[in-house]
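Please open the model in a viewer and keep the selection panel at hand. The tour below proceeds from one selection to the next.

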Amino acid sequence: MNRLSIFYFILILSCSLLFANQEPDRWPQIKSQHKPWTYWWWMGSAVDQENLNQNLDLYHEVGIGGVHIIPIYGVKGYEDRYIEYLSPRWSEMLGHTTAQTSRLGMGVDMTTGTGWPFGGPQIDANDAVRAVQIETFTLEKGLSLDQPVRLSDTKIKEYHGKHPPLIALMAFSNTGEIRDLMPNVDEDGFLAWTPQKDDWTLYAVFNGWSGMQVKRAAPGGEGNVMDYFSYESLQSYLKPFDDFFDGYRGKPVRAFYNDSYEVKSDWTRNFFNHFQQRRGYDLRDHLPSLAGEGKPDKIARIKSDYRETVSDLLIDVFTKNWVKWCHDRNSMTRNQAHGMPANFMDSYACTDIPETENTRFGHKKHMDILGSKFASSAAHLTGKTLVASESCTWLGEHFNVSLAEVKTEVDKLFLSGVNHIFYHGIPYSPVNEQWPGWLFYASTHFGPTNTFWPDFDALNHYIARCQSFLQMGNPDNRVLLYFPIHDVWHNPEGMLIQFTQRLDWFNNTPFRLVAETLQAQGIAFDFVSDRLLQQFKVNQGILQNGKSQYQIVVIPPCRFMPLTTMKKLNELAQQGIPVVFSNHLPVDVPGYADLNSRRRVYQKMLASLGVPVDEEGGQILSFPNRKLWVAEDLPSIMSRLGVRREKMADAGLKFERRQLDDGYLYFVTNHSNESFDEWCPFGVPSSSAMFFDPQTGKSGAARHKKDSQVYLQLEPGESILVRLFDDADATPPAWTYLRKSGRSFDLSDGWNLEYLHGGPVLPANTRVDRLGSWTELGEEYANFSGTALYEIKFTHPGWETDEWLFDLGDVANSAEIICNEQSVGTLFAPPYHIRLGDYLQPGQNKLQIKVSNLMANRIAYMDRQGIEWKKFHNINFVDQHYQPFDASEWKPRDSGLLGPVRLIPCTKLQQP
């Protein structure tokens, strides 16, 4: 048993013991894997042991569970401290880091390389990323080509000024004859061939170096990007890592990482051979179609086969072999498959921790929950425990992102099935570096120099509590929604289609419409690819792959379906698994090889289903075996087939559901603008319920009815973890439900304001007669970013009430509440209120509120004053539209306690 197998065994055993010994009405014990992790950029790899220790200590103190090392470009003025990548000194720093994180109970992942994509000095012209270009020449009968066969307008190149090599020359006559002319081309590119009849068009295929270099490379990591379609290129790329780790004596990293696919490449050496082996015909005989000439359907079919071949190479040649290499090094894999011109679900599924991301570029304002479900679905279908996310990249403009916005993003990721958050991120920065320290150009800055750092631990505790539950049990998404990738691939335009996070290939499709319909109905589902569907078997009426269980397969309206997939669906239907086609059956098979033969088989397969029986006015057609349906009204057939539906979706509540040994777990969030205060039906049977509040860490037995209704109170923006038990009773204490009274005690006047830390200078202390943004108090206040202390003394109103709710109104941007010298809690997102009854005392009381604003105001001041802080090599420094960053024209962002601040008396509900 190798070290990785031992690691997996210990991980599974420890999790089993942890959950077996855990009281069901208690919070799970928080482990490093439950906490949020962070991308950790080593700029120029200019790290040292003292600052590594101090950085890691700071991260640990605020609840970061692990770091992901990414060496990148350096900082100006520190060139003498750069450490060459994979050098003995770099090995020493890695070993020191893994030792220190082990001491702190943290984890370490690392990119298999620097910057992105994979590449470096070890990648020569033969192994570098490649591109294809097709040039045409015409020849009339009796004439010869009087020029060498070369590109007239080359977009690709070879080293040392050489012409891109010719890899195929095929001649097509106007009467349909095809000839291979490569044997007739000499070493100088001249063609020795004269046609004696017909006119001919020559298609010359050139394959050259694309010229792409590693982006944001660290010192020692610069060089060509590798050819991701080539096993030989991968071996060449990994050779320096073999040498490095053979001599490395530190603790192993938990996982190696592969970033999202951002490679410009559409070819590889021997592609024609790969194509013929996988598709069964010679692509060279169809070069006009590959070049986009001829009938659109044939062009689309040839290109579909070309795209599927590229997909196969990326998954079978690159992903699987990279995973094997990582496992041989006793480490797991984290993989961002999105961006690939491949069925990226299958690439996600090959790795230990699939990782999604959500970025925002101008027009994209909201995170797409459905877009992130491809990664979580791949994990769910293959029994992977963790689903990671590169979180909050370009969530907003630099220095303008609040913890509240981060929470909203994280909640949506949880709803998509993510349970392992990675912030993007924190640059390593010397602790004594002048503010704002070292920064990365494309991120929400989560480092210690961010002014929200004093309150950052509250968000991290929230995430850790959520993930401690969301990593338990198994996902409970009982519907498989087929991903009709061949409808995307069947496109006569362009060459490769990359499945990027921009989701252009997904939006406005029937596939997405069905997904949105299921989501709106409160039906939990996962996506499934052609490959992954083949892995499922039927066991006692349930569709299973390991621990993954589903009860129904839904096919969105699509035109193309492979024979193997339709055969599998028919087999599942015959074994009792309902298969529902939305609107119509697929009408054709994809691709070009043996097309007529495959069409005949497909039609025969459809005929074997029998004649559909018209039901319910034509809305539902069911075949004689009663397990295969064609439905126009998808919600109706879902209800008819007994698919679980969460009616809470009708009220705007969103959820993620998991199955535990003794019941179910729900993460429920209210992203509507209305408060929810009523009985909430849950779609699973239960005997009792427990609430776990990830914001406060409190828990209690919820009000529960026998029909699995739970009384739920959620303000807009609030989330709750609900644990439902099959046949056990939730134990006391009972959850306290509150109802606000009609009056409140106003505390908006008479606050003393003291500035604690921040800059560019600490403004003078002042008294605030009426709450509002501190930026309105004067110029030095408008420039200030940091933390200020609000303090007020007041006499308890003496009203009879069960509880006092302390409502801060609006806060810019996070606040720690201290009452009578006792810390009550930290509020970093709406609703900004907290229960205060246990902290108030009769007579005189003192309230203190430490409020931290954003970095934006101080950065704007620095840019107006011309203070140099943008000191980074490579890309220095851009805004979210990739334009030079300049904050000098920014208006001051609201800061401080905006109010109104009130004490609200509340009554405990005895019988909701």
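Begin by selecting Arg81, which is partly exposed, with a relative accessible area of 47%; buried means under 20% relative accessible area, exposed over 50%, and partly exposed in between (1.4 Å probe, protein chains only). The model is predicted, so that local features need pLDDT of at least 70 and side-chain atom pairs count only at pLDDT 80 or more, while totals for chains, interfaces and linings use all residues. Residues are numbered from 1 along each chain as its sequence is written, and side-chain values use heavy atoms, with hydrogens and water left out.

Arg81 lies in the loop between strand 2 (66–72) and helix 3 (88–104). Helices (H or I, at least four residues) and strands (E, at least two) are DSSP runs, numbered from the N terminus. Add Ser45 and Ala46 to the selection: Arg81 is in contact with both, leaving aside its neighbours within four places in sequence. Contact means heavy atoms within 4.5 Å. Ala46 is 35 residues from Arg81 along the chain, yet their C-alpha atoms are separated by 5.1 Å.

**The whole chain**

Zoom out to the full C-alpha trace, which spans about 110 × 75 × 55 Å along its principal axes. The chain contains 19 helices and 45 strands. Its radius of gyration is 31 Å, which agrees with the value near 29 Å for a compact globule of 912 residues; the radius is taken over C-alpha atoms, and the globule rule is 2.2 Å times the number of residues to the power 0.38. Buried residues make up 59% of the 912 residues.

**Two open sheets**

Next, display strands 5, 8, 6 and 7, which form an open sheet in that order with antiparallel pairing. Two strands pair if DSSP finds at least two bridges between them. Strand 5 (130–139) and strand 7 (178–180) stand at the edges, each with a single partner strand, so one side of each has no neighbour in the sheet. Strand 5 is joined to strand 8 (residues 200–209) by ten bridges. Select Phe137 to find Leu202 of strand 8 opposite.

Another open sheet has six strands in the order 15-26-27-32-29-30, again with antiparallel pairing. Its edge strands are strand 15 (474–475) and strand 30 (699–701), each pairing on one side only. Three bridges join strand 29 (residues 688–692) to strand 30, and Phe692 has Ser699 in strand 30 as its bridge partner.

**The nonpolar cores**

Which residues have the most contacts inside the largest nonpolar core? They are Trp751 and Phe806, in a core of 248 residues. Helix 7 (residues 296–328) supplies the largest share of this core, eleven residues. A nonpolar core is a set of buried Ala, Val, Leu, Ile, Met, Phe, Trp, Tyr and Cys residues joined through side-chain atoms within 4.5 Å. Centre the view on Phe806 and show the residues that Phe806 touches, including Leu747, Tyr832, Arg902 and Leu903.

**The cysteines**

Finally, select Cys326, which is buried at a relative accessible area of 0%. How many disulfides are there? The count is zero, a disulfide being a pair of cysteine sulfur atoms within 2.5 Å. For Cys326, the nearest cysteine sulfur, that of Cys350, is 12 Å away. Cys392 is also buried, at 0% relative accessibility, and the sulfur of Cys392 is 14 Å from the closest cysteine sulfur, in Cys466, too far for a bond.
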